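Here are a few notes to go with the model, jotted down as I looked through it. Have the viewer open while you read.

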Amino acid sequence: MQPGYLIDSYRHEFETKIKSADSKNVILEQTYFYPNSGGQLNDLGTIEAEDRETYNVVFVCKKDGNISHEVDKEGLKEGTKIKCRIDWKRRHLLMRYHTASHILSQFLFKETGALITGNQLDLDKSRIDFSLENFDRDLMMSFESKVNEFLSKNTEVKTYFLPREKAMELPTISKLAKGLSEDIKEIRIVEIKNFDMTACGGTHVKNTSEIGKIKITKLDNKGGDRRRIYFVLI
Ligand SMILES: [Zn+2]
């Protein structure tokens, strides 16, 4: 079963059961909490047990093939029915940053051939790492208005799964420098209509109109061909 956040990234309240509990770490039968991964911060929120006791979710990560939720106190037991609430303001902000970083990455790739080597999304800024020989700062800064013009077009963003062989045929898949693990048979595609298709397991908005505008705040030359671009949502 795919984790819930890959199927419906807008669901921020759900009911499920505790599958297993180990001290303050619990695994749920289904979860919409996003785990800290792929440069995107984990969700926060609460778990309310049948007896109305509420536990704060302080960290979420992938562990041994499961998604582990760390809560602030012990007491949750296997089999307990629970109500979960995700801090939606935080999650939606990360979805907006995440989708904006796809768009900026695609401009970088399309116009310079840069390969994306990493991403880090924070709540107050985002950065993209990429490799590129010729670092033309004016060209980099020009992507700000290009991204903003694109964002203003209210473009649809879709996610779906494709068999590995089909996904590998997509021209824009190759901008990820690291490539995809061989054992992943079903690749999750994030498609920004008529603009970009890429493999990604994060959470994204459904329409670019939710993002607003970006501002490029800093360009870093990390030596060799390693570059970094920072932006904020405004
Ligand atoms: Zn993504």
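**Notes on the sheet and the two domains**

1. Let's start with a strand pair. Strands E8 (residues 126–131) and E13 (residues 226–233) run antiparallel and are joined by six bridges. If you want one spot to click on, take Ile128, whose bridge partner in E13 is Ile229. Bear in mind that this is a predicted model.

2. Now for the sheet around that pair. E8 and E13 belong to an open sheet of four strands, ordered E7-E8-E13-E12, and the pairing is antiparallel. Which strands stand at the edges? They are E7 (115–121) and E12 (214–221); each has a single partner strand, so one side of each is left without a neighbour in the sheet. Going from one strand to the next, the twist averages 20°.

3. Something also packs on this sheet: helix H3 (residues 137–151), which touches E12 and E13. The direction of H3 makes about 160° with that of E12.

4. Zooming out, the domain assignment splits the protein into domain 1 (4–86) and domain 2 (91–233). Between the C-alpha centres of the two domains there are 28 Å.

5. How many residues of each domain are in contact with the other? Domain 1 puts in eleven residues and domain 2 puts in 13. On the domain 1 side that touches domain 2, the residues come out as five nonpolar, five polar and one charged.

Terms used
Residues numbered from 1 in each chain as written. Predicted model: local features only at pLDDT ≥ 70, side-chain atom pairs only at ≥ 80, totals over all residues. Domains from an automatic or database assignment. Contact = placed C-beta atoms within 7 Å. Nonpolar A, V, L, I, M, F, W, Y, C, P; charged D, E, K, R; others polar. Pairing = 2+ DSSP bridges. Axes fitted to C-alpha atoms, helices over the stretch in contact; angles between N-to-C directions.
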